[in-house]
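I opened my notebook to look up how the chains of this model meet, and I wrote down each point as I found it.

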Number of protein chains: 2
Amino acid sequence: MKLLHTADWHIGRTLNGYSLLDEQKNAFKQILQIAKAEKVAGIVIAGDIYDRAVPNPEAVTALDKMLQEINLDNKIPIYAISGNHDSAKRLNYGRAWMEHTNFHLNTLLKEAFTPVETATTQIFLLPFFDPLDARVYYKHQGMDIDKIKEITSIGTAMQLVISDIKKRFNPNKRHLLVSHFAVTPNQESELELTSETTSKVGGLATLTSDQFEDFDYVMLGHIHTRFASPNDTIRYSGSPVKFNIKEARIKNKGKGVDIVTLDDQGIKREFKPLVPKTDLVVLEENWSTLCDPDFYKQQPVNHDWFAITIKDFEPSEHVQTNVRAELQKRYGTIVELDYQINHAEQLHQNINTNINQLSPEETVDQFFDTITGKKLSLPQQKLVETIFNEVERQKK
Amino acid sequence: MKLLHTADWHIGRTLNGYSLLDEQKNAFKQILQIAKAEKVAGIVIAGDIYDRAVPNPEAVTALDKMLQEINLDNKIPIYAISGNHDSAKRLNYGRAWMEHTNFHLNTLLKEAFTPVETATTQIFLLPFFDPLDARVYYKHQGMDIDKIKEITSIGTAMQLVISDIKKRFNPNKRHLLVSHFAVTPNQESELELTSETTSKVGGLATLTSDQFEDFDYVMLGHIHTRFASPNDTIRYSGSPVKFNIKEARIKNKGKGVDIVTLDDQGIKREFKPLVPKTDLVVLEENWSTLCDPDFYKQQPVNHDWFAITIKDFEPSEHVQTNVRAELQKRYGTIVELDYQINHAEQLHQNINTNINQLSPEETVDQFFDTITGKKLSLPQQKLVETIFNEVERQKK
């Protein structure tokens, strides 16, 4: 069985107010072409299909069209789940009709225990869930209240869920899991995980790869770079598009999809890169270099998007300059502009912290630090996590 | 061809903060039973399926289940359109899959010109649109810019749309139109139209029945009472549930659906009433009557919902009384409480105006009156209408 693995489309996302929809449509076009060229038996979308619980109408229309092109126009099955950015209830709308054309979409934990059965493979579609979802599910299942109370982390919840999924294993078939969590290798890892801002909400970061070792292959979403994959069979496809400067900075930054073949010969994985239409270029130079024609004429000016950090910036020398306008004249679209203030003026540096790049928890943490000069205690951190978790739930 | 005509479900609506979802589910159950008993060839839902552009997740789940029960569990075709309360783009999601099981849902003007063809009937599904939608549509059609500029009202827009729909008429079939507008009889009418708060937005109130006379039958939504139907073949089904006190006050207040048969013998219409689970009871009595056991024990206390107006109320006599609590003890759920202040204290009466029962335009109008002592001029009214129109568009 040959499948295309992608995830974290985040349709409707913006980068500092710039819509990424055109870039996402460009990536989609390539994904569909790859799927057709490879004659895959299905496209797996491992969560965070939309960027938010209530995507804007343009995002809804765009996704609808993409899914139609795959599933109705080209008759390619879809195996999809919701991620932490999606609203499980909203995304669930219409799925009963979509099932008829092999568009399988799970958004609720209770749906994860019935696999999609192909001739050779059981595909388990386990959407993002949090410990509270697990407690509600197991309460409905009649689990003992004392046992339910033990479900305090995603780690214990996942243990139960995987154990129940394994009860459905057909030993004559391969077992594929599609899910949406942060999974780390068993050993402490040096990988830099470029996950979502909300990655820590709900204790997401506590799952380790050994919990998933009984599956032949695991297709994950949530972490946006494939280099975060814990091992050879527990994989992140990464997002098809670069979503922020941090991602654009990563050296080995190729975005793409995996073509995964599971057959009698074993498991084969091939990476297929996607070519951005408008790339995100990160520059960190001082003012005179940035304004030097010999430098900027070598850049893809007036085509790609630029995230520029001006090094050794001396605000007092540029009081009369509209810095952004000057750079836009030379580069075109500047989606982010930062300053590394010259040492002598460094006192003012903290005004440049970009709050959009912090997780909600980090924001509270830094604010607390600024006011009290202390870090949050462990119980305080837990409290903050619980609150943001609840906020996320309310939106869904 | 036998069809069930319903409209204005407004799933997700609340009445002064009280959810109507249970009542809507109760009405739906009866609608489905009627459809099955009558063995209809389809259920027509003539717009305002949801109450708002972004319904809450519970409303999305509830509607999804209702539509599944009709179309998938009972294999009954659905002929539906979006109304002014729905988001055309959001509601359009998934419709390509739904078509496969004869669930036809039009939300965009451009979709209205291709009828659903049955053996005997052409069903034209014309969703709510405003003059700007028409201008955009006819621009795409290559219409001359001068002619487009003439589309300034829904009246002129509808003239064009109907004339284009008629070009698709098959003379050997009956022609049924499903739409969502305020349509009045040609002559000035004495009918009290209990329409939506936004009924005047977009110049909705300017259509007359003669524009629709070439259809054999017109199934409308938008006005919530069937008694507003312009004539015998241009009909409102009314909403299945009472949404406000004004509706509950109407004497001949039966809510229900129409069973419409179009065949060689002609057109037959039969009204089927729906029984509320929790009714909305309007009481207007003075304080002593309301507190008299002989009076309130004759009411469906602790079962139905009450909207109570206390007549001849003298605030000075009740300074120590928690009026609402006292009434709740006797009646149960009070969804609205109003006061008719005793003449001597009437100066304070205007604090009791319930802003929720006014349209946005009326609110501005009254506010302007309060501040300036004058009514809005015609150009000012137009300006206000344009602004709210734009606000509505932005939400969709």
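**Where chain B meets chain A**

I began with a single pair in this predicted model, and found that Lys89(A) forms a salt bridge with Glu58(B), with 2.9 Å between the closest N and O atoms. I then looked up the count of such bridges between chain B and chain A, which is two. For polar contacts between chain B and chain A, I noted ten residue pairs, with both residues at pLDDT 80 or more.

Next I asked which helices of chain B supply at least two residues each to the side that touches chain A. I listed helix H2 (57-73), helix H3 (88-91) and helix H4 (95-98) of chain B, and I marked H2(B) as the source of the largest share, ten residues. Sorting the residues on this side of chain B by kind, I wrote down 14 nonpolar, eight polar and five charged.

I turned to the extent of the interface, where 27 residues of chain B are in contact with 27 residues of chain A. The area buried between the two chains is about 2,400 Å², and carbon and sulfur atoms give 65% of that area. Of the area that chain B buries against chain A, Arg90(B), Tyr93(B) and Trp97(B) supply 37%, which is more than any other three residues.

Last, I checked how the copies are related: a turn of 180 degrees, with a shift of 0.0 Å along the axis, lays chain B on chain A with an RMSD of 0.1 Å. I recorded this as the relation of a two-fold axis. Because 100% of the interface residues of chain B are also interface residues in chain A, I concluded that the copies meet through the same surface.

Terms used: Residues are numbered from 1 along each chain as its sequence is written. Chains are lettered from A and ligands numbered from 1 in the order in which they are written. This is a predicted model: local features need pLDDT of at least 70, side-chain atom pairs count only at pLDDT 80 or more; totals for chains, interfaces and linings use all residues. Side-chain values use heavy atoms; hydrogens and water are left out. Contact means heavy atoms within 4.5 Å. Buried area is the accessible area (1.4 Å probe) that two parts lose on being put together, summed over both. A salt bridge is a side-chain nitrogen of Lys or Arg within 4 Å of a carboxyl oxygen of Asp or Glu. A polar contact is a pair of N or O atoms within 3.5 Å; within protein, one must be able to donate a hydrogen and the other to accept it, and residues adjacent in sequence count only if both atoms are side-chain atoms. Helices (H or I, at least four residues) and strands (E, at least two) are DSSP runs, numbered from the N terminus. Ala, Val, Leu, Ile, Met, Phe, Trp, Tyr, Cys and Pro count as nonpolar, Asp, Glu, Lys and Arg as charged, and the others, Gly among them, as polar. Copies are superposed by least squares on the C-alpha atoms of residues with pLDDT of at least 70 in both.
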